[in-house]
Amino acid sequence: MAIKPVRVSQLNAYIKRVLQTDPLLGNVSVLGEISNLKFHGTGHVYFTLKDENSKINCFLPAENFQHLRFELADGMEITAEGYIYLYEKGGTYSLNIRDIQISGLGNLSIAFEKLKEKLLKQGLFDEKYKKPIPFFPNKIVVITSESGAAVRDIIKIIKIRNNIVDVLVYPVLVQGPNAAPDIAEAIKQVNLLFPETDTIIVGRGGGSIEELWAFNEEIVARSIFESKIPVISAVGHEIDFTISDFVADKRAETPTAAAQIAVPDVNELRNYILQLKDNLQHQIYSFIRDKELQLQSCNIQALTSKLEHRITIQKNYIDSQYKELFTLLNSLVSNDKNKIDSIKAQLEALNPRNIMARGYSALTDNKGKLINSVEALKVDDVFKVILRDGSIEGTVKEIRKDK
């Protein structure tokens, strides 16, 4: 017999009660591949979980999403734990997720790359945020398992290289679901309780990717990034790279390498200082020797000898200049004397007295003017004849002119 018709809302409410009271559907684990992944602004996450034959809508509340230890991505295969929920108004059901587990190297690699890409974009790997590792620390804190081989190696290497530095081991879980928050909290506590710490070494020995996964979780990465104290990441072996390595101020290939980076070798420093001492002594000796030689070159005896030598040189130079000048003056005087003698001879040759001495005489009028023509005189003019030894005055009696 058919039951009485019910309204759609009544049917959906009934189905909801059935689904929510089913013990299997109230706590189910579903294996599938993520697709159509969407992050809502409220912090909730929506996606579809599918296999080769079917699919189911999934809802991950924001409060559960915050506790995930990895980044979700399309194509990632997961195991979602939750319960079936019916949305009465839409008549649809979904898997409401409490927790998600991932497994398999491929899926972990996808989660690793997703978180790496996210933190890279946010600048957590930028070199400008890297703090320098102090060269000579006074105190180092090692955050790792207190029972692992890593802590023994780190302490051993530090004590061999440097027995002065203070080492504090802060024990934490290094694998498992609680390891990441334990490590992150330890980094925060060291910053709060031991701010005088120079360097933090955080890490562990080798293991599988699942065992090292705590160092790939965002909570650890952000704790390292926010640390005021420089952090050296030392996780696994040389080939193991974790998110902590990228965000840390320094990556060490192994815990042993971290110890070598964290402290200087005092024996090497001692040898280096001795070498500096030898070099310094040699330079001081050379400097003093050079100054002694300079001082010797500046003593009174040397200075006197040097001055006498310079005076002798200058005296010889002055004598040489004097001789050259004397020779030049004699030459000039001799030349001038020769010129004067030549002019004197010329003047003597033109002297009228000398001409008269040879028998000649000069005729002048009564005013002393030389007369060289009969036309300058006339009868009865007075004239004067000048001879070598005197003169004669006379009167013109007759004038005869040559034809």
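Which residues form a nonpolar patch on the surface?

## Surface patch

This is a predicted model. Five side chains answer the opening question: Val6, Leu11, Tyr14, Ile15 and Val18 make up the nonpolar patch. Together they have about 440 Å² of accessible area.

Val6 sits in the segment before helix H1. Helix H1 covers residues 8-21.

## Largest pocket

Rolling a probe the size of a water molecule over the atoms shows where empty space is left. In this model, the largest pocket holds about 400 Å³ of space. Its lining has 19 residues. Closest to the centre are Gln66, His67, Leu68, Glu218 and Ile219.

Which helix gives the most to this lining? Helix H6 does, with five residues. Three helices each supply at least two residues to the largest pocket: H3 (105-121), H5 (179-193) and H6 (218-226).

By class, the lining of the largest pocket has eight nonpolar, eight charged and three polar residues. Two domains contribute to the largest pocket. Domain 1 (8-103) and domain 2 (110-264) each give at least three residues.

## Second largest pocket

The second largest pocket has a volume of about 280 Å³. It is lined by 15 residues. Nearest its centre lie Arg69, Phe70, Ile100, Gln101 and Trp213.

Strand E5 (residues 92-102) provides the largest share of this lining, five residues. The classes in the second largest pocket are seven nonpolar, four polar and four charged. Here, too, domain 1 (8-103) and domain 2 (110-264) each supply at least three lining residues.

## Cavity

How many cavities of 30 Å³ or more does the structure hold? The count is one. The largest cavity has a volume of about 40 Å³.

Its lining consists of Leu124, Tyr129, Lys130, Lys131, Ile224, Phe225, Val247 and Asp249. Five of these lining residues are nonpolar and three are charged. The lining of the largest cavity has no polar residues. Lys130, Lys131 and Asp249 are the charged ones, because Asp, Glu, Lys and Arg count as charged.

## Salt bridges

Side chains of opposite charge can pair when their charged atoms come close. The structure holds 14 salt bridges.

One pair is Glu71 with Lys118. Their side chains meet at 3.4 Å, N to O. The pair counts as a salt bridge because the cut-off is 4 Å between a Lys or Arg side-chain nitrogen and an Asp or Glu carboxyl oxygen.

Where do the two partners lie in the chain? Glu71 is in the loop between helix H2 (62-65) and strand E4 (77-87). Lys118 belongs to helix H3. The two residues are 47 residues apart, and the bridge links distant parts of the chain.

Conventions:
Residues numbered from 1 in each chain as written. Predicted model: local features only at pLDDT ≥ 70, side-chain atom pairs only at ≥ 80, totals over all residues. Heavy atoms only, no water. 1 Å grid on protein atoms, 1.4 Å probe; cavity = no way out; pocket = protein on both sides within 12 Å on 5 of 7 lines; lining within 4 Å. Points joined across faces, edges and corners; volume = space filled by probe spheres on them. Helix = DSSP H or I, 4+ residues; strand = E, 2+ residues; numbered from the N terminus. Domains from an automatic or database assignment. Patch = residues over 30% accessible without salt bridge, like charges linked within 9 Å, V, L, I, M, F, W, Y side chains within 5 Å. Areas by Shrake-Rupley, 256 points an atom, 1.4 Å probe, with all protein chains shown as cover.
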